[in-house]
Amino acid sequence: QVQLQESGPGLVKPSQTLSLTCTVSGGSITTNYYSWSWIRQPPGKGLEWIGDIAYSGSTYYSPSLKSRTSISRDTSKNQFTLQLTSVTPEDTAVYYCARRDTKLPVWDYWGQGTQVTVSS
């Protein structure tokens with residue numbers, strides 16, 4: 001059973017960098033053919049895909065967030081990390097990490113989500 005757990009600060013000041021880590025257990029982030037995603041849900045809005053890091057290490061980002069987003073991984077710890085720079089209150093959301101089979105347009109395992117609030 002794959003499990004994902006998000007961790008990171010719950011409060012970030014405007015203009016700073018949001019940094020979250022997803023720790024994966026029960027499966028390796030380098031296993032073919034899975035991608036590991038960051039997804040968020042602002043209050044009162046739908047889910048928004050932020051980006052992926054694939055089993056190969058390749059990264060893919062939402063065009064609307066690409067200029068501020070970086071996703072990396074630490075294979076020794078089986079973790080992947082989101083960095084979102086120059087945050088504003090509009091980046092306030094519940095942030096999720098999730099796994100997707102690259103052959104299917106669905107996510108099969110999700111973390112519980114972590115609330116991040118951008119406020120001074």
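## Exercises on a predicted model

Q16 sits in the loop between β2 (11-12) and β3. Keep in mind throughout that this is a predicted model.

### Exercise 1: Placing Q16

Work out whether Q16 is buried, exposed or partly exposed, and list what Q16 is in contact with beyond its sequence neighbours.

Solution.
- Step 1: Get the accessibility. Q16 comes out at 39% relative accessibility.
- Step 2: Apply the cut-offs. Buried means under 20% and exposed means over 50%, so Q16 counts as partly exposed at 39%.
- Step 3: Look for contacts, skipping anything within four places in sequence. That leaves L84, T85, S86 and V87.
- Step 4: Check one of those partners. S86 lies in the loop between β8 and β9, and S86 has a positive phi of about 50° although it isn't a glycine. With a relative accessible area of 43%, S86 is partly exposed.
- Step 5: Try a residue elsewhere in the chain. Y109 is 93 residues from Q16 in sequence, and their C-alpha atoms are 30 Å apart.

### Exercise 2: The core and the disulfide

Find which residues have the most contacts inside the largest nonpolar core, and which element gives the most to this core.

Solution.
- Step 1: Start with the core itself. The largest one has 24 residues, and W38, F80 and Y95 have the most contacts inside it.
- Step 2: Sort by element. Two or more residues come from each of β3 (18-25), β4 (34-41), β5 (48-54), β8 (79-84), β9 (93-101) and β11 (114-118). The top contributor is β3, with four residues.
- Step 3: Look at the aromatics. There are five aromatic pairs by count, and W36, W38 and F80 make up one aromatic cluster.
- Step 4: Now hunt for disulfides. The whole structure has one: C22 and C97, with sulfur atoms 2.1 Å apart. C22 is in strand β3 and C97 in strand β9, so to speak distant parts of the chain, 75 residues apart.
- Step 5: Finish with geometry and burial. The C22 and C97 link is right-handed, at 65° about the S-S bond, and both cysteines are buried.

### Exercise 3: Following the charges from D91

Trace the salt bridges that D91 forms, and name the network of salt bridges that includes D91.

Solution.
- Step 1: Count first. The model has five salt bridges.
- Step 2: Take R40. The side chains of D91 and R40 meet at 2.8 Å, N to O. D91 is in the loop between β8 and β9, while R40 is in strand β4, 51 residues apart.
- Step 3: Take R68. The closest N and O atoms of R68 and D91 are 2.9 Å apart. R68 sits in the loop between β6 (59-61) and β7 (69-74), 23 residues from D91.
- Step 4: Join them up. R40, E48, R68 and D91 are linked in a network of salt bridges.
- Step 5: Check burial. D91 has a relative accessible area of 2%, so D91 is buried; R40 is buried too.
- Step 6: Add a neighbour in space. V118, in strand β11, is in contact with D91, and its other contacts include V12, V87 and T92. V118 is buried as well, at 5% relative accessible area.

### Exercise 4: What R99 does

Which residue does R99 meet in a salt bridge, and which ring does its charged end sit over?

Solution.
- Step 1: Find the acid. D108 and R99 meet through their side chains in a salt bridge, 2.6 Å from N to O.
- Step 2: Find the ring. The charged end of R99 sits over the ring of Y34, 3.7 Å from its centre.
- Step 3: Compare burial. R99 counts as buried at 9% relative accessibility, whereas D108 is partly exposed at 37% relative accessible area.

### Exercise 5: Backbone oddities

Locate the cis peptide bond that joins N32 and Y33, and say where the positive phi of N78 falls.

Solution.
- Step 1: Read omega. The bond that joins N32 and Y33 is cis, with omega about -10°, and Y33 belongs to the loop between β3 and β4.
- Step 2: Read phi. N78 isn't a glycine, yet has a positive phi of about 55°.
- Step 3: Place N78. This residue is in the loop between β7 and β8, and at 15% relative accessible area N78 is buried.

Notes
Residues are numbered from 1 along each chain as its sequence is written. This is a predicted model: local features need pLDDT of at least 70, side-chain atom pairs count only at pLDDT 80 or more; totals for chains, interfaces and linings use all residues. Side-chain values use heavy atoms; hydrogens and water are left out. A nonpolar core is a set of buried Ala, Val, Leu, Ile, Met, Phe, Trp, Tyr and Cys residues joined through side-chain atoms within 4.5 Å. Buried means under 20% relative accessible area, exposed over 50%, partly exposed in between (1.4 Å probe, protein chains only). Contact means heavy atoms within 4.5 Å. A disulfide is a pair of cysteine sulfur atoms within 2.5 Å. Rings of Phe, Tyr and Trp (its six-membered ring) pair if their centres lie within 6.5 Å; planes under 30 degrees apart count as stacked, over 60 as edge-to-face and the rest as tilted. A charge sits over a ring if NZ of Lys or CZ of Arg is within 6 Å of the ring centre and within 35 degrees of the ring normal. A salt bridge is a side-chain nitrogen of Lys or Arg within 4 Å of a carboxyl oxygen of Asp or Glu.
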